[in-house]
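I opened this structure for a first reading. My notes follow in the order in which I looked things up.

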Amino acid sequence: MSEPEEAIVSHTFSVLVDNEPGVLARVIGLFSSRGYNIDSLTVSETEHEKHVSRITVVSSATPMVLTQIRAQFERLVPVHKVRDLSNTERPLERELALIKVAGAGDARVEALRLADAFRATVIDATVNHFVFEITGRTSKINQFVALMEPLGLVEVARTGIAALSRGPKGIFDD
Amino acid sequence: MSTGEPLNGAQIVLRALADQNVEHLFGYPGGAVLPIYDEIVQQDKVKHVLVRHEQGAGHAAEGYARSTGKPGVVLVTSGPGATNMVTALADAMMDSIPLVCLTGQVATQLIGNDAFQECDTVGITRQCTKHNWLVRDVNDLARIIHEAFYVATNGRPGPVVVDIPKDVQFAMGNYVGPHKIRHNTYHPKVKGDMEAIRQAVDMLADAKKPLFYTGGGVINSGPEASHLLRELVQLTGHPITSTLMGLGAYPASDKQWLGMLGMHGTYEANMAMYECDLMFCIGARFDDRITGRVDAFSPNSKKIHVDIDASSINKNIQVDLPIVGDVAHVLEDFLRIWRDRAHMPDKAASKVWWSEIDEWRARDCLKFKPNKDVIMPQYAIQRLYENCKGRETFVTTEVGQHQMWAAQFFHFDEPNHWMTSGGLGTMGYGMPAAIGVQMAHPDALVVDIAGDASILMNMQELSTAVQHKLPVKIFILNNQYMGMVRQWQQLLHGNRLSETYMESLPDFVKLAEAYGARGIRVEKPDDLDEAIKEMIEVDMPVLFDCRVANLANCFPMIPSGQPHNKMLLGEEVSDDDVGSAISDEGKVLV
């Protein structure tokens, strides 16, 4: 227990909060005031009647700091439940991206062919552009964006990671 | 519970405060709180204490809270009223002081329009409060105020802000009483894990050189926690030290007490921290003034850490056994198991450990050179202490050398009698805090041990003390320097004194008289006792200008970046030692 663990690892936290004004600012303020990294942050209301939102945060830090992050979340007053999804297993993680590619000729054909291979769908097109929608793990999206780069990539919008634990249990079934 | 008769927002505020048993409210009026002030003047359950600057209201409420165990309550207006409170909120946040701060806000339809005296109060105070609320609907007002009291006082205590727009103060709405409220999310754990407590009992029973290291958490947990701590320490016979914030939880007059630890703690306390084999940390948080160099912190000890805040565990120092829970609850369980198992202290080991400690004690680390002509600041505190003995005395401080001398030379036997700004280190804390303490304890002796620089930061509050007939005693150790800053310039910056000489200090005696208080000046050691007696006897606020040796420094000291066993002792240290005590690495640590 006493040897310092210096390795930086990435963990995904799921946080259920009361969807009250300023709750996202509290979470962001916690990270900025204590100097923690935010690699990805998503938030949306998930239980409308109860005004509960789920925040998914990916952060990279030493294991000691990751434990701190969890404890710091738990001190926030509007937090119902915090779970470090990466604690025991690799959680299910997905991201959605919209990717605009413009071009003509071979590059355009190649972009469409690759999109097909990555199971990206075309949601907008003219004769000289496509907008692709792609869902998957962050690494898959990174790879697809890199492939589009020489083929006329214009811009990218990404949602950040949504994550759940594997298996039948929910966040309250620890 | 609905009241039957409709109330407006301002009436709801006063009703809620009364139902929360608030007796004193520290505040300052302004445009955005006029409806609430209009209700204040029409009732007599809650007594309002008018200050001279909102920061003063905040610190007064802190002193009130710290000396009573009840939350301190503040009311200020929007904009500058709220921003002036920020320092006090940050101070209360760092020292875990329960404060409920009500702020006025511009009317809801004006929010965001840069209206007169508008500021984003919940945005500005989000990082220096435990929680805050902007009340947009008068029907939420009572519930939010009751929740605010609940959050401020439960779990690790702290400050909260309730921001109330002016139109909400006028609007008619429903009142609910405090007993109707069950918080949706916030339910801190107070009972410690029993298995962990059993393990702690075993660890303490096996230890040869155990040490109790306690902090402000014991005091926050309430008088029962201090009582249980005394029982535990005396039952085991082991030594105990405490942080600045924890002074008084264990009686300083007891032989097991090693004095305060940390940067200006005693040699014996710090050496015991370094050499112990079991550190039992109770309600303290391993902050950097305590640990010194982290990688050389108490290298041979197993560490148990009891804290109500899980985020304090393993934040700075990795511990072997964390116990998350309230001090009183955990100690109660601990003592029961300890007694059930009929553990007896290991007398032989204890004898060896105490003989080591006695050797450190024999260094007499607080020794200073007496002086017949000039008052030594340490001597001044000693005489103050002797003259206050036998009276119920509360001490507050400002921040600096005088604060450390007060901690070293004024001895506390009871909790809640020592109010100081520990975490944030707020100069200007002491006088308003003393006002808050005196408000809560009208018959007690309340002394603010101050420095000549700090006291000027909230000098205006002397007017508050005079108005409310609060006979606080402001005991200024006047060395005409910002002494602690100067000491660090000597240590770190080749004795180049930059902006630390107070060239144009006021005449404190005349200043006191200008405010309608009493001023006393003393320059000779022989006159000190008489003057202190006079200060105590006078039934009015006193500014006591105690002229002390200008260049005295505060020792012993752990230079920053050094471990506990590398203390500088005042009597033994040379100017060269002082100049070279801090390495380049240590210089950045403050």
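**Notebook: two chains, first pass**

I started in a loop of chain B: B:P556 lies between strand 20 (542-547) and helix 22 (575-580) of that chain. The model is a predicted one. I checked the peptide bond from B:F555 to B:P556 and found it cis, with omega near -5 degrees. Most peptide bonds are trans, and most residues other than glycine have a negative phi.

I then looked at B:N21. Its phi is near 60 degrees, a positive value in a residue other than glycine. B:N21 sits in the loop between helix 1 (9-19) and strand 2 (24-27) of chain B.

**A sheet with strands 2 to 7**

Next I traced a sheet in chain B. Six strands make an open sheet in the order 3-2-4-5-7-6, with parallel pairing. Which strands stand at the edges? I found strand 3 (47-50) and strand 6 (131-134) of chain B there. Each has a single partner strand, so one side of each is left without a neighbour in the sheet. Neighbouring strands of this sheet are turned by 20 degrees against each other on average, direction ignored.

I followed the edge at strand 6. Four bridges join strand 6 of chain B to strand 7 (residues 159-165) of chain B, and the two run parallel. In this pair, B:N132 stands opposite B:V161 of strand 7.

Then I looked for helices on this sheet. Helix 3 (residues 54-68) of chain B packs on it and touches strand 2, strand 4 (72-76) and strand 5 (99-105) of chain B. The direction of helix 3 makes about 165 degrees with that of strand 4 of chain B. Helix 4 (residues 80-95) of chain B lies across strand 4, strand 5 and strand 7 of chain B. I read about 165 degrees between helix 4 and strand 5 of chain B.

**A sheet with strands 9 to 14**

I moved along chain B to another open sheet. Six strands form it in the order 11-10-9-12-13-14, and the pairing is parallel. Strand 11 (257-260) and strand 14 (321-324) of chain B have a single partner strand each, so they stand at the edges with one side lacking a neighbour in the sheet. The average turn between neighbouring strands here is 15 degrees, direction ignored.

I checked one edge again. Strand 13 (residues 302-307) of chain B is joined to strand 14 of chain B by four bridges, and these strands run parallel. B:D307 stands opposite B:V324 in strand 14 of chain B.

I found a helix here too. Helix 10 (residues 223-236) of chain B lies across strand 9 (210-214), strand 10 (240-242) and strand 12 (278-282) of chain B. Helix 10 runs at about 165 degrees to strand 9 of chain B.

**Chain A**

I turned to the other chain. Chain A has four helices and nine strands. From the N terminus on, its elements run β-α-β-β-α-β-β-α-β-β-α-β-β. The C-alpha trace of chain A spans about 60 × 45 × 35 Å along its principal axes.

I looked up salt bridges next. A search of the whole structure finds 30 over all chains. One of the pairs I noted is A:R70 with A:E74, whose closest N and O atoms are 3.3 Å apart. Both residues lie in helix 2 (residues 63-75) of chain A, four residues apart, about one turn of the helix.

**Where the chains touch**

How many residues of each chain are in contact? I noted 22 residues of chain B and 18 residues of chain A. The area buried between the chains is about 1,800 Å², and carbon and sulfur atoms give 52% of it. In chain B, B:R126, B:H131 and B:T185 lose the most area to chain A, together 30% of what that side buries.

I searched this interface for salt bridges, and the rule finds one. The side chains of A:R75 and B:D309 meet in a salt bridge at 3.1 Å, N to O. The side of chain B that touches chain A divides into six nonpolar, 10 polar and six charged residues. I closed with polar contacts: the rule finds seven residue pairs across the interface of chain B and chain A, both residues at pLDDT 80 or more.

How values were computed:
Residues numbered from 1 in each chain as written. Chains lettered and ligands numbered in written order. Predicted model: local features only at pLDDT ≥ 70, side-chain atom pairs only at ≥ 80, totals over all residues. Heavy atoms only, no water. Pairing = 2+ DSSP bridges. Axes fitted to C-alpha atoms, helices over the stretch in contact; angles between N-to-C directions. Contact = heavy atoms within 4.5 Å. Buried area = accessible area lost by both parts, 1.4 Å probe. Salt bridge = Lys/Arg side-chain N within 4 Å of Asp/Glu carboxyl O. Polar contact = N/O pair within 3.5 Å; in protein donor to acceptor, adjacent residues only side chain to side chain. Nonpolar A, V, L, I, M, F, W, Y, C, P; charged D, E, K, R; others polar.
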